[in-house]
Structures are given as C-alpha cells and as structure tokens.
Amino acid sequence: MALINCPECNNQVSNTASSCPNCGAPIGSESQSAGAALVTTQETSKKLKLHIILSAIFFWIGITGSIVVAKTQSTEYPVQTTFFYWLLIIGVTWYLYTKFKIWWHHK
C-alpha cells in the first residue's frame with residue numbers, strides 16, 4: 001500500500017482507495033483518472049427482474065382485455081371484464097411492490 005497525491009486536492013491518499021476521503025475525487029488506475037467514465041451498476045437479482053416482467057405481462061393483458069371487452073360493449077361477459085380489471089390491478093400493484101423492494105434493498 002503506497003500513498004499517492006489526490007489529483008484534485010493534492011492530499012495524501014492510499015493507492016487502494018476508491019476515492020479521496022478529503023474531496024471525494026475518484027482514485028484509481030490511469031484510465032480512470034484520464035477522464036474515462038465511471039460506471040455504476042445496479043445489482044438487481046434475476047428473481048426481481050422476472051417479477052417486473054411478469055407484472056408487466058399481467059398489466060398489458062389486463063389493459064388489452066379491458067379495452068377489447070369495452071369496445072364490444074357487451075354486458076354479456078361481466079366475469080371477463082372483472083377478470084381483466086383484476087389482472088390490471090394486480091399487475092400495477094405487483095410492479096410497484098417490486099420496484100419498491102428493489103429500491104429498498106439497493107446497495
């Protein structure tokens with residue numbers, strides 16, 4: 001472990017530090033300090049990504065079914081209308097819950 005000068009504030013910083021404790025400037029290899037963009041990766045599990053996809057499918061089936069049933073203007077199928085509205089509500093609720101869960105557990 002060696003001490004190097006921070007490129008921003010000239011403070012002594014360990015070469016293993018990710019950023020300067022004094023000014024917060026990124027410390028790293030020459031490629032990072034030469035102006036290369038730093039990349040932040042959001043770590044979201046595949047399980048939660050699958051939940052987002054499934055909730056979107058529920059939502060779009062609910063929307064599409066509701067529109068189709070409404071355009072037919074048929075009162076013969078109240079069960080179908082209720083089913084599609086429930087799919088829509090479940091899809092939106094599930095999506096919002098999953099997004100909240102991702103936000104809550106974000107590192």
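Two residues are taken to be in contact when they have heavy atoms within 4.5 Å of each other. Counting contacts between residues at least 6 apart in sequence, 37% join residues at least 24 apart. The structure is a predicted model, in which local features need pLDDT of at least 70 and side-chain atom pairs count only at pLDDT 80 or more, while totals for chains, interfaces and linings use all residues. Residues are numbered from 1 along each chain as its sequence is written, and side-chain values use heavy atoms, with hydrogens and water left out.

The overall layout is simple to state. The protein has 3 helices and 2 strands, taken from DSSP runs numbered from the N terminus (helices are H or I, at least four residues; strands are E, at least two). Starting at the N terminus, the order is β-β-α-α-α. Of the 107 residues, 17% count as buried, where buried means under 20% relative accessible area, exposed means over 50%, and partly exposed lies in between (1.4 Å probe, protein chains only). About 8,400 Å² of the protein is exposed, and carbon and sulfur atoms supply 63% of that area. Accessible areas come from the Shrake-Rupley method with a 1.4 Å probe, and for residues only the protein chains shown count as cover.

Next come helices α2 and α3. Helix α2 covers residues 46–72 and α3 covers residues 78–104. In α2, 27 residues reach 39 Å from the first C-alpha to the last, close to the 39 Å expected at 1.5 Å a residue. The expected span is 1.5 Å times one less than the number of residues in the helix. For α3, the 27 residues should span 39 Å, and the end C-alpha atoms are indeed 39 Å apart. Right after α2 sits Gln73, with a positive phi near 50°.

The two helices also meet through their buried residues. In α2 these are Leu48, Ser55, Gly62, Gly65, Ser66 and Val69, and they pack against α3. In α3 the buried set is Phe84, Leu87, Gly91, Thr98 and Ile102, which packs against α2. Phe84 makes a handy example. This α3 residue counts as buried because its relative accessibility is 17%. Leaving aside residues up to four places away in sequence, Phe84 touches Ile61, Gly62, Gly65, Ser66 and Val69. The C-alpha atoms of Phe84 and Phe59 are separated by 9.0 Å, with their positions 25 residues apart along the chain.

Aromatic rings add to the picture. Rings of Phe, Tyr and Trp (its six-membered ring) pair if their centres lie within 6.5 Å; planes under 30 degrees apart count as stacked, over 60 as edge-to-face and the rest as tilted. By this rule there are 6 aromatic pairs. One of them is Phe58 with Trp94, an edge-to-face pair at 5.5 Å centre to centre and 85° between the planes. This pair links distant parts of the chain, as Phe58 is in α2 and Trp94 is in α3, 36 residues apart. Phe58 is partly exposed at 30% relative accessibility, and Trp94 is also partly exposed, at 23%. Elsewhere, Phe100, Trp103 and Trp104 form one aromatic cluster.
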